[in-house]
Amino acid sequence: KEIAAVDQALKEFKTDALTHIQRVGFLRYNPFADTGGDQSFCLSLLDGQDNGIVLSSLHSREQTRIYAKQISHGKSSGYTLSKEERVVIQNATTTI
């Protein structure tokens, strides 16, 4: 009985763990030729089923803009992904 209970608890833990952030991708880059340094970035935070978000920060001399896009099964939900956003999602999903 105890082994069956532990086995059931382990199965529940594994299922629950799929919904926690497990896969992270990060990239610093320079999107503008007229600024110095890699001050912009993309960050993807995904769970075990490749669901989550990708955050992008675009830094220029005048301002910094931050964008968030929902990710479902490794793909954007309704928004076009930039090249850098696709890279961080791919990096996050292939490192496990």
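This passage describes the sheet, the salt bridges and several individual residues of a predicted model.

The strands of the model are arranged in an open sheet, in which 5 strands follow the order 1-2-3-4-5 with antiparallel pairing. Strand 1, covering residues 23–29, and strand 5 stand at the edges of this arrangement, and because each has a single partner strand, one side of each is left without a neighbour in the sheet. In general, the strands of a sheet pair through backbone hydrogen bonds, in either a parallel or an antiparallel manner. Within the sheet, strand 2 and strand 3 run antiparallel and are joined by 6 bridges, and one residue pair illustrates this connection, Ser-44 having Val-54 of strand 3 as its bridge partner. Helix 2 lies across strand 1, strand 2, strand 3 and strand 4, the last of these spanning residues 64–72, and the helix runs at about 145° to strand 1.

A search of the whole structure for salt bridges returns 3 of them. In one, Asp-7 is paired with Lys-11, with a distance of 3.5 Å between the closest N and O atoms. Asp-7 and Lys-11 both belong to helix 1, which comprises residues 2–17, and as they are 4 residues apart they are separated by about one helical turn. Asp-7 is partly exposed, its relative accessible area being 37%, and Lys-11 likewise counts as partly exposed, at 48% relative accessibility.

Another salt bridge links Asp-50 with Arg-23, where the closest N and O atoms are 2.5 Å apart. Since Asp-50 lies in the loop between strand 2 and strand 3 while Arg-23 lies in strand 1, this pair ties together parts that are 27 residues apart in sequence. Asp-50 is buried, with a relative accessible area of 17%, and Arg-23 is also buried, with a relative accessible area of 14%. A further salt bridge is formed by Lys-69 and Glu-85, whose closest N and O atoms are 2.9 Å apart. Here Lys-69 lies in strand 4 and Glu-85 in helix 2, so that the pair ties together parts that are 16 residues apart in sequence. Both Lys-69 and Glu-85 are buried.

The loop that holds Asp-50 also contains Asp-47, which is found between strand 2, residues 40–46, and strand 3, residues 52–59. Asp-47 is buried but has no salt bridge, and the nearest side chain of opposite charge, that of Arg-23, is 6.8 Å away. This separation does not meet the criterion for a salt bridge, because a side-chain nitrogen of Lys or Arg must be within 4 Å of a carboxyl oxygen of Asp or Glu. A polar atom of the Asp-47 side chain does, however, lie 2.8 Å from the backbone nitrogen of Gln-49. When neighbours within four places in sequence are left aside, the contacts of Asp-47 are with Leu-18, Thr-19, His-20, Ile-21, Gln-22 and Arg-23.

Two residues were noted for their backbone geometry. Most residues other than glycine have a negative phi. Asp-50, although it is not a glycine, has a positive phi of about 60°, and this residue has its place in the loop between strand 2 and strand 3. His-73, which is not a glycine either, has a positive phi of about 55° and lies in the loop between strand 4 and strand 5. Asp-50 counts as buried, at 17% relative accessibility, whereas His-73 is exposed, with a relative accessible area of 57%.

Other exposed positions occur in a strand and in a loop. Ile-66 is found in strand 4 and counts as exposed, at 64% relative accessibility. Apart from its neighbours within four places in sequence, Ile-66 is in contact with Ser-56 and Ser-57. Between the C-alpha atoms of Ile-66 and Ala-4, which are 62 residues apart along the chain, the separation is 48 Å. Gly-78 is found in the loop between strand 5, residues 75–76, and helix 2, residues 83–94, and it is exposed, with a relative accessible area of 73%. Gly-78 and Ala-68 are 10 residues apart in sequence, and their C-alpha atoms are 12 Å apart in space.

Notes. Residues are numbered from 1 along each chain as its sequence is written. This is a predicted model: local features need pLDDT of at least 70, side-chain atom pairs count only at pLDDT 80 or more; totals for chains, interfaces and linings use all residues. Side-chain values use heavy atoms; hydrogens and water are left out. Helices (H or I, at least four residues) and strands (E, at least two) are DSSP runs, numbered from the N terminus. Buried means under 20% relative accessible area, exposed over 50%, partly exposed in between (1.4 Å probe, protein chains only). Lys and Arg count as positive and Asp and Glu as negative; His and the chain ends are not counted. A polar contact is a pair of N or O atoms within 3.5 Å; within protein, one must be able to donate a hydrogen and the other to accept it, and residues adjacent in sequence count only if both atoms are side-chain atoms. Contact means heavy atoms within 4.5 Å. Two strands pair if DSSP finds at least two bridges between them. Axes are lines fitted to C-alpha atoms, for helices over the stretch in contact, and angles run from 0 to 180 degrees between N-to-C directions.
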